[in-house]
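Good morning, and thank you for coming. Please look at the structure on the screen while I take you through a few of its features.

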Amino acid sequence: MHIIQKPSTHFNERTCAIDMIVLHATATPSLRETFYYLIEKEEGGRVSAHYVIDTDGTIYQLVDESKRAWHAGVSDWDGKTDINSRSVGIEFQCAAIDERSFAAFSSAQIEAGLKLCRMLVEKYKIQPHNVVAHSDIAPERKVDPGRTFPWERFWLAGLAENPLRRPLIAPQLKEGNQNV
């Protein structure tokens, strides 16, 4: 798998071992704007992620996995906090349509995401239950990667929990929206 290095200085030291992957949608209209926020922006709240996957499937690594990227914010999962320290953050380049929805993800992007997640799951022995959406770990403040994210592809690949068990996604599937 070819990964392009595009280093960010927005990171610090981890306080625990990696046992999660958090998937995000950038909500920015361009990769250039994504890189501005995740690499260049110095004033205000600085954020980052370990990886960004562009719409053409190109994978960029911004923060070394051994470091704590700043992608999860105030969040928790199964009683665990400091999700930034225990996770690898992956951003999918994806424009926002409005405050609650995102454009569709490309096939090339999802294929690259599946390969990257498979590598990380195997490397860190991450359980499917711990491959989560940003909205799973911060449901009061985040909605990404949103309704158009194909969780069923990750589940069928053994990389995520059954989408029908995901609290924010199951109601959409039950209503007949299979494009989750």
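The side chain of Glu13 makes a polar contact with the side chain of Lys67, at 2.7 Å. Please bear in mind that this model is predicted. Glu13 belongs to strand E2, which covers residues 11-13. Setting aside neighbours within four places in sequence, Glu13 is in contact with Arg68 and Ser85 as well as Lys67. Thr81 stands 68 residues from Glu13 along the chain, and the C-alpha atoms of this pair are separated by 16 Å.

I turn now to the interior. The largest nonpolar core contains 29 residues, and those with the most contacts inside it are Ile21, Leu23, Ile90, Phe92 and Phe154. Several elements give two or more residues to this core, including strand E3 (20-25), strand E7 (87-92) and helix H5 (151-156). Helix H3 supplies the largest share, 7 residues.

Which residues does Phe154 touch, not counting those up to four places away in sequence? Among them are Leu23, Phe92, Ile110, Leu114 and Cys117. Apart from the largest core lies another, of 9 residues, among them Leu38, Ile39, Val52 and Val63.

Finally, let us consider the surface. Tyr36, Tyr37 and Val47 form a nonpolar patch there, with about 230 Å² of accessible area together. Val47 is located in the loop between helix H1 (31-40) and E4. Why is Val47 described as partly exposed? The reason is that its relative accessible area is 36%, and partly exposed applies because this value falls between the limits of 20% for buried and 50% for exposed.

Conventions:
Residues numbered from 1 in each chain as written. Predicted model: local features only at pLDDT ≥ 70, side-chain atom pairs only at ≥ 80, totals over all residues. Heavy atoms only, no water. Helix = DSSP H or I, 4+ residues; strand = E, 2+ residues; numbered from the N terminus. Contact = heavy atoms within 4.5 Å. Polar contact = N/O pair within 3.5 Å; in protein donor to acceptor, adjacent residues only side chain to side chain. Core = buried A, V, L, I, M, F, W, Y, C linked by side-chain atoms within 4.5 Å. Buried < 20%, exposed > 50% of the residue type's maximum accessible area, 1.4 Å probe, protein only. Patch = residues over 30% accessible without salt bridge, like charges linked within 9 Å, V, L, I, M, F, W, Y side chains within 5 Å. Areas by Shrake-Rupley, 256 points an atom, 1.4 Å probe, with all protein chains shown as cover. Salt bridge = Lys/Arg side-chain N within 4 Å of Asp/Glu carboxyl O.
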